[in-house]
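Grab a coffee and load the structure below. The exercises ask you to work a few things out from it, and each comes with a worked solution.

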Amino acid sequence: MNMIYMLIGFSILLALVFLLAFFWASKSGQNDDLFTPAIRMLFDDEPDIGKDELSDEDHKKA
Amino acid sequence: MKENLSLSIDTQCYHCGDDLPAAPYTSGDKHFCCLGCKGVYQILSHHNLSSYYAYNEIPGASQKKAAQHFDYLDDTKIAAELADYADENTTVITLFIPAIHCSSCIWLLENLYKINPAIVQSRTDFLKKQVSLTFKNQQISLRKTVELLTAVGYEPLISLQDVVKKQQSDHSERNLLTKIAVAGFCFGNVMLLSFPEYFGLSTFEKTFQHFFGWVNLVFAVPVLLYSARDYFISAWTNLKNGILNLDFPLALGIAVMFIRSAYEIITHTGAGFIDTLCSLVFFLLIGKWMQQRTYHYLSFERDYRSYFPVAVTLIKDGKEKPLPLNELKIGDRILIRSNEIIPADAILLKGEAELDFSFVTGESLAIKKVLGEVIYAGGRQIKGAIELEVVKPVSQSYLTKLWNNETFAARKDNIKTFSNTASKYFSIVLLVIAISAGLFWISTDINKAVASFTAVLIIACPCALALSSPFTLAAVLSIFDKNKFYLKNTAIIEELARIDTIVFDKTGTITNPEAKGFEFTGNLSQEEKQLVSDLARNSGHPLSRELVKWLNLSSLHPVDQYMEKVGRGLSGSVNGHEIKLGSAAFLGLTQQEKGSVVHILVDGKYCGYFLSAQLWRTGFRQLAVKLGHQADLHLLSGDQDHDQHILAPFFPKTNQLHFKQSPQNKLDYILKLQNSGAKVMMLGDGLNDAGALKQSNIGVAVTDNINNFSPGCDAILDGVSFEKIPQFIKQAKDAVRVIHMSFVISVLYNIAGLFFAVQGLLSPLMAAILMPLSTITIILFTSISARFYAAKNNLL
């Protein structure tokens, strides 16, 4: 049953790692703006030139 | 769908969506309403950033307003003050850009490096409408960066009172979250280690008991010293000032809990109350976080400095040079260009002054000034450049000295909240019970005396009571927010419930600045109306636009020989008829003008005039009737009294209608009402109400665009929710009732716990159950009942 001491120790250590990860995230400002990243991730990486022309074509056709 | 799209593109500006004038600006196959919009489009398409128009249809903002001059950004002192960080290579600056409104804005602002590679990085914070820019200052100056932003249609608003800076240095929410994280972490672990104790331990498992106890005690230390620190500090400072607030019994309970638990664990006499301690602090901090969660992207603290520019152009020895506003002295000669604001009271020396005082008075009619006349600060020059001599420093001007009124210094921080009043009595009763329980047992059993004394302090720790206000008020705050009524903090809700006097400003507050109606006097056939509409369609002047909107006719005839004299009138030949629109002077009439009038001349024949009339906000009539039942209504207007007969029926007592009020008059009037014992709510909009808004118990700024600047106030109300004011007041009163009810519930829990505590029979298990149970009851009760009342008041 002495195993319990070790298990509890490890579980607390693991939990501490997550707590420290939260501290780091908070300190680096990741919790300051929770809105913009949700929009930002929807942008295409590099605007595709061909696609742009296509959308212009669309306007012309319409 | 596609046809609709093409239709809208043909008649609307591709960039901003405004109606196209008769001769639109074109670039490729795109049409634009003005040179500004076209310019932005050309920059973007040239740098291959046309996706801006793909993410959203019509993402741009109108570029008709002339941009400011940014020469002052070349001044190293000003530049250094604005920057977040600067070394010899890179500069980091955060700018507030009111035009940010859609995903295209974010996309474009974060792709600025494609236009100028010297901009290393740009990050947008959408809710705060801020952009953080990192650029190489050797290759691009701050001024060039700001001008680039302006060129793509995102002019930053740079002001003296740097709201941006203040928000950045404010890490209180971050710190609170960290405290919650620590408390939550310890709470979870302690609960896990306490469970075996709750279910009882066999003799074999007893060996773990002390180990678990010690680990628990270790977890309690950061909760006590870090997470709960603010309660001890607050209780101590208040106690020093002779105030018993709710933090006192909380701090006492936490301290006693820790000491008794430590004693029990160290002496192996019991399991202690560590689990209760951790859950208590965790829930308390969550309540605090709920209460603090305000809409920080709205600023309620703006004063005149937000309206004024950072610098003015000083003329010295015939040379122009930017000067920071706070260095402006009496006798300085300054240059005000078109569209700039006059920052201090000054005498007109040169040029033609025509000033728009709508910032100050809410009245948009321009005022002309002649040479040698004193011009008050706050006006915006709409004609060409003028030269002035400063007669009063910025802080002593007619308008700005309202803010330096010392009456504001002390007030407002001490709104009497229910929990503050209740906690005073609560603390005293609690101490009396604890001491008498201890004294009762002291003669028979010293251990029991200590046990009962500490147990009373632990069990009666007003956790549920401390949570009832934050949770109720936070729920109401979010309900108000959904209805576009934004409060500065939760204490305003309790103050709102006490309001018995309501003071309105007129222009822009009870009238709708957007919608205008016209009254036509004279003779005009349908055919002639069509001609007038066709001509007016070509003009960008607000009155012409309103007139076109009001006439509601589609365009039919093209216009020849179109001519517009800005601010005077239009003329042109439509379908063979000679049409002239505009002011009396423009048409060569000898009439006196009253208000905004558009006269009409068809083929040299006078046909009459359109008089622009203001419209009341929707629902003002019903609102006045409803509010009249529960509160005293007053009106303070800076205008002439020509509307008195229309407004009189809304205000039962005629002596409560006041016209031609200066900002100082308004402030004094509020003060007079307060001295007679009234709780005053003031609704205003312009800078001229700012003093009164600040003085009143609740100052509400009414605005049609919440991102516009509104004067310093306690709450911002969107114009569309104007008619809901009676519901808001009702909801605030209901919220106070919910707080009272939850207070009763938490006291009942306390009495149940006290019943065991005074007998010295309180077990840790009982405390561990009772405390979270009462807390959760309160959270559920307050949140649900606040929403129930909101539904009843039609606010959900």
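What follows is a set of exercises on a predicted model, each solved step by step.

**Exercise 1. Find out how far to trust each chain, and where to be careful.**

Step 1: start with the global scores. The model comes with ipTM 0.76 and pTM 0.78.

Step 2: go chain by chain. Chain A has a mean pLDDT of 76, with 71% of its residues at 70 or more. For chain B the mean is 82, and 88% of the residues reach 70 or more.

Step 3: hunt for the weak stretches. In chain B, pLDDT is below 50 over residues 1-9, a stretch with five contacts in the model beyond near neighbours in sequence. In chain A, residues 49-62 stay under 50, and the model gives them ten contacts beyond four places in sequence.

Step 4: split chain A by element. Helix α1 (residues 3-27) of chain A has the highest mean pLDDT of that chain's elements, 92, while helix α3 (residues 49-61) of chain A has the lowest, 43. Take the placement of that last helix with a pinch of salt.

**Exercise 2. Describe the make-up of chain A and chain B.**

Step 1: count the elements. Chain A holds three helices and zero strands, so to speak a short list, and its pattern along the sequence reads α-α-α. Chain B holds 29 helices and 28 strands.

Step 2: look at burial. Just 2% of the 62 residues of chain A count as buried. In chain B, buried residues account for 44% of 796.

Step 3: check how the contacts of chain B spread along the sequence. Taking contacts between residues at least 6 apart, 66% join residues at least 24 apart.

**Exercise 3. Work out how α9 and α11 of chain B pack.**

Step 1: decide what to look for. Two packed helices are described by the angle between their axes and the distance between the axes.

Step 2: get both values. The axes of α9(B) (residues 206-227) and α11(B) (residues 247-266) come within 10 Å and cross at roughly 155 degrees.

Step 3: turn the angle into a direction. Angles over 145 degrees count as roughly antiparallel, and α9(B) and α11(B) are therefore roughly antiparallel to each other.

Step 4: add the hand. The crossing of α9(B) past α11(B) is left-handed.

Step 5: list who touches whom. On the α9(B) side the contact uses B:G213, B:W214, B:L217, B:A220 and B:L224, and on the α11(B) side B:I254, B:F258, B:S261, B:A262 and B:I265. Sorted by class, that contact has eight nonpolar, two polar and no charged residues.

**Exercise 4. Repeat the analysis for α18 and α28 of chain B.**

Step 1: angle and distance again. The axes of α18(B) (residues 463-482) and α28(B) (residues 725-757) come within 9 Å, crossing at roughly 160 degrees.

Step 2: read off the direction. α18(B) and α28(B) are therefore roughly antiparallel to each other.

Step 3: get the hand, which is right-handed for α18(B) and α28(B).

Step 4: go through the contact. From α18(B), the residues include B:A464, B:L465, B:L473 and B:F480, and their counterparts on α28(B) include B:F728, B:Q731, B:F743 and B:Y749. By class, the contact has twelve nonpolar, six polar and no charged residues.

**Exercise 5. Is B:F273 buried or exposed, and what does it touch?**

Step 1: locate the residue. B:F273 lies in the loop between α11 and α12 (274-292) of chain B.

Step 2: count neighbours. The cut-off for buried is 20 or more; B:F273 has 29 C-beta neighbours inside 10 Å, so B:F273 counts as buried.

Step 3: name the partners. Leaving out residues up to four places away in sequence, B:F273 touches B:M257, B:R260, B:S261, B:I458, B:P764 and B:A767.

Step 4: pick out a distant partner. B:P764 is 491 residues from B:F273 along the chain, yet their C-alpha atoms are separated by 5.6 Å.

**Exercise 6. Compare the backbone and surroundings of B:D317 and B:D603.**

Step 1: recall the background. Most residues other than glycine have a negative phi.

Step 2: check phi. B:D317 has a positive phi, near 50 degrees, and B:D603 has a positive phi of about 50 degrees.

Step 3: place them. B:D317 is in the loop between β7 (311-316) and β8 (319-324) of chain B, and B:D603 is in the loop between β22 (597-602) and β23 (605-616) of chain B.

Step 4: count neighbours. B:D317 has 5 other C-beta atoms within 10 Å, so B:D317 is exposed. B:D603 has 13 C-beta neighbours inside 10 Å and counts as partly exposed.

Terms used
Residues are numbered from 1 along each chain as its sequence is written. Chains are lettered from A and ligands numbered from 1 in the order in which they are written. This is a predicted model: local features need pLDDT of at least 70, side-chain atom pairs count only at pLDDT 80 or more; totals for chains, interfaces and linings use all residues. Axes are lines fitted to C-alpha atoms, for helices over the stretch in contact, and angles run from 0 to 180 degrees between N-to-C directions. Helices (H or I, at least four residues) and strands (E, at least two) are DSSP runs, numbered from the N terminus. Angles under 35 degrees count as roughly parallel, over 145 as roughly antiparallel, 65 to 115 as roughly perpendicular and the rest as oblique. A crossing is left-handed if the near helix is turned anticlockwise from the far one by less than a right angle, and right-handed if clockwise. Two residues are in contact if their C-beta atoms, placed from the backbone, lie within 7 Å. Ala, Val, Leu, Ile, Met, Phe, Trp, Tyr, Cys and Pro count as nonpolar, Asp, Glu, Lys and Arg as charged, and the others, Gly among them, as polar. A residue is buried if 20 or more other C-beta atoms lie within 10 Å of its own, exposed if 12 or fewer, and partly exposed in between; C-beta atoms are placed from the backbone. pLDDT is the predictor's confidence in each residue, from 0 to 100.
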